[in-house]
Amino acid sequence: MFCFFALLQNSFFTYFNLFGGVPNLIFALFFLLIFFANQNSAIQVVLWAVVAGFFLDIFSYSFIAPSIILLVVLGLIIKKIQSTLKTRDDNYPAVYYVPLFVFSFLAYALIISIYLNYIEVRKIAFVFSFNIIFSLIYSLIFAELFFYIYKRWLKSIR
Amino acid sequence: MNSINKLSINKKNTHWLKFLIGGIVFLLLLFILNLFVSPVRNSFLTLFSPIQKTFWAAGESSSGFFGSLLNSGSLAKENNNLKQTNQNLLAQIAVLQSIEQGNQAQSLVSASCQNSGFKLLMAGVTGLDDNDILSISKGSADGVAQDMPVINQQNVLVGKVSKVYKNFSKITLISNKNSVTNIKVQQSDLTLPEIDGVVRGNGGLTAHLDLIPINSSINPGDILVTSSLDKSFPKDLLVAQITEKIKNDQKPFQQAKINLFFDVKKADNLFVITNYKKPE
């Protein structure tokens with residue numbers, strides 16, 4: 001699935017970019033799996049981060065590591081935040097999904113952009129160009145779609 | 001009670017130790033993987049290149065389909081053809097103006113050398129990442145080397161080869177955030193002095209014009225071509241057209257919004273100039 005999404009976002013969706021922004025399907029899928037992962041399973045978080053990060057890095061021109069490390073850290077932070085927001089009846093409410101996704105996506109995009117473009121900290125506003133915002137909006141649409149499909153699937157198997 | 005406390009501290013310490021060892025092993029594995037990054041990436045992308053090419057073609061045809069639906073019929077195609085014709089004409093104007101500007105005889109020789117002397121290697125586009133890096137289907141096995149200029153069939157500058165693998169290469173587009181290209185503004189009045197500046201990539205397939213001297217007159221519609229100052233690229237390749245001047249009296253240079261001639265959506269095949277030698 002990650003491989004399929006990697007190929008799709010680097011070729012097909014290039015033609016459907018929104019003001020230069022393309023959806024980050026790999027990140028959307030990674031976030032979905034992390035969001036629904038077991039609360040105490042750090043191994044599961046690391047595993048998904050390695051797989052997703054590998055596909056993000058293999059299609060970039062950099063080393064194979066920055067996305068993996070960043071996703072491991074982000075994954076663990078997301079789980080930590082989720083554990084503090086835990087509710088009694090529903091562990092995975094949609095109301096947490098969107099803000100957490102926006103936070104983690106922006107954190108990922110900002111850090112990776114600084115790393116890949118060697119941008120100085122004083123030019124941070126430049127990093128937050130419009131295409132990152134459009135990429136976020138585009139990815140969020142897919143992330144929401146994945147969320148409802150996954151939730152529906154979870155309900156059906158219970 | 002004390003022994004229970006000690007036991008829990010020991011447990012915590014063991015937990016952190018495990019975490020630390022795990023982290024070190026993880027980083028070590030990543031380091032080892034990066035020792036073989038070129039062959040790993042080359043084999044991976046070579047393996048999936050046919051699928052990626054199919055997706056690329058599917059994207060192209062479906063975007064054309066939706067585009068023509070939105071533009072009621074064949075407008076998209078017609079517009080595309082007109083743009084291509086326009087770019088061809090602009091390329092011819094750029095060469096003609098260069099010929100007239102300098103010593104005519106000498107320019108004629110150099111222009112003809114530029115136009116016919118270059119060895120071009122055609123390469124198919126297989127992908128584009130969100131940092132404005134294109135992948136093409138030719139690599140070191142086909143004679144591609146780092147820093148080679150890449151153009152399209154209309155003599156429009158695309159970028160340069162930034163990384164070469166055995167069977168494919170990565171092209172840094174001129175819209176990449178790290179890309180800075182020396183250009184000159186094509187003047188309609190040939191008696192006017194040459195205006196030099198730079199095109200800086202913004203990312204997201206866009207760029208802007210910068211470092212134009214404050215006393216130089218630039219206007220929307222002006223054409224930008226590569227200048228001889230930029231030794232990375234041959235001169236007089238089409239780059240962009242000015243769309244809007246950005247006025248800021250506090251800055252020592254003028255800036256402008258530009259429209260790059262290179263359109264990634266129409267980049268099925270690109271050409272790598274394999275024998276371009278940087279001037280001394």
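## A walk through chains A and B

Let's start in chain B, where β1(B) pairs with strand β12 (residues 269-273) in the antiparallel sense, over five bridges. If you would like a place to rest your eye, find M122(B): its bridge partner in β12(B) is F271(B). Please keep in mind as you look around that this is a predicted model.

Strand β1 of chain B covers residues 120-129, and β12(B) is not the end of its story. β1(B) also pairs with strand β2 (residues 133-136) of chain B, again in the antiparallel sense, this time over four bridges. Here D129(B) has I133(B) in β2(B) as its bridge partner, while G127(B) stands opposite S135(B) of β2(B). The hairpin formed by β1(B) and β2(B) has three residues between the strands, and D132(B) takes a positive phi near 60° there. As a reminder, strands of a sheet pair through backbone hydrogen bonds, either parallel or antiparallel.

Now step back to see where these pairings lead. The strands of chain B run β1-β2-β5-β4-β3-β12 in a closed barrel of six strands, with antiparallel pairing. From one strand to the next, the twist averages 45°. Chain B as a whole holds four helices and 12 strands. Of its 280 residues, 34% count as buried. Among the contacts in chain B between residues at least 6 apart in sequence, 60% join residues at least 24 apart.

Let's move over to chain A and its helices. Helix α2 (residues 25-35) and helix α3 (residues 42-58) of chain A have axes that come within 10 Å and cross at roughly 180°. Angles over 145 degrees count as roughly antiparallel, so α2(A) is roughly antiparallel to α3(A). On the α2(A) side, the contact is made by I26(A), L29(A), F30(A), L33(A) and I34(A). Facing them from α3(A) are V45(A), W48(A), A52(A), F55(A) and L56(A). The residues of this contact divide into 10 nonpolar, no polar and no charged.

Is α2(A) mostly covered or mostly uncovered? It is mostly covered, with 11 of its 11 residues buried. The buried residues of α2(A) include L25(A), F27(A), A28(A), F31(A), L32(A) and F35(A), along with I26(A) and F30(A) from the helix contact. F30(A) is a good one to click on: leaving aside its neighbours within four places in sequence, F30(A) is in contact with W48(A), A52(A) and L71(A).

This helix also belongs to a wider picture. The largest nonpolar core has 98 residues, and those with the most contacts inside it are I26(A), F30(A), L157(B), V199(B), L224(B) and V239(B). The largest share of this core, 11 residues, comes from α2(A).

Finally, look at where the chains meet. Across the interface, 27 residues of chain A are in contact with 34 residues of chain B. Which helices of chain A each supply at least two residues of the side that touches chain B? They are α1 (2-10), α5 (94-117) and α7 (130-157). The residues on that side of chain A divide into 17 nonpolar, 10 polar and no charged.

Technical notes
Residues are numbered from 1 along each chain as its sequence is written. Chains are lettered from A and ligands numbered from 1 in the order in which they are written. This is a predicted model: local features need pLDDT of at least 70, side-chain atom pairs count only at pLDDT 80 or more; totals for chains, interfaces and linings use all residues. Two strands pair if DSSP finds at least two bridges between them. Axes are lines fitted to C-alpha atoms, for helices over the stretch in contact, and angles run from 0 to 180 degrees between N-to-C directions. Angles under 35 degrees count as roughly parallel, over 145 as roughly antiparallel, 65 to 115 as roughly perpendicular and the rest as oblique. Two residues are in contact if their C-beta atoms, placed from the backbone, lie within 7 Å. Ala, Val, Leu, Ile, Met, Phe, Trp, Tyr, Cys and Pro count as nonpolar, Asp, Glu, Lys and Arg as charged, and the others, Gly among them, as polar. A residue is buried if 20 or more other C-beta atoms lie within 10 Å of its own, exposed if 12 or fewer, and partly exposed in between; C-beta atoms are placed from the backbone. A nonpolar core is a set of buried Ala, Val, Leu, Ile, Met, Phe, Trp, Tyr and Cys residues joined through C-beta atoms within 7 Å.
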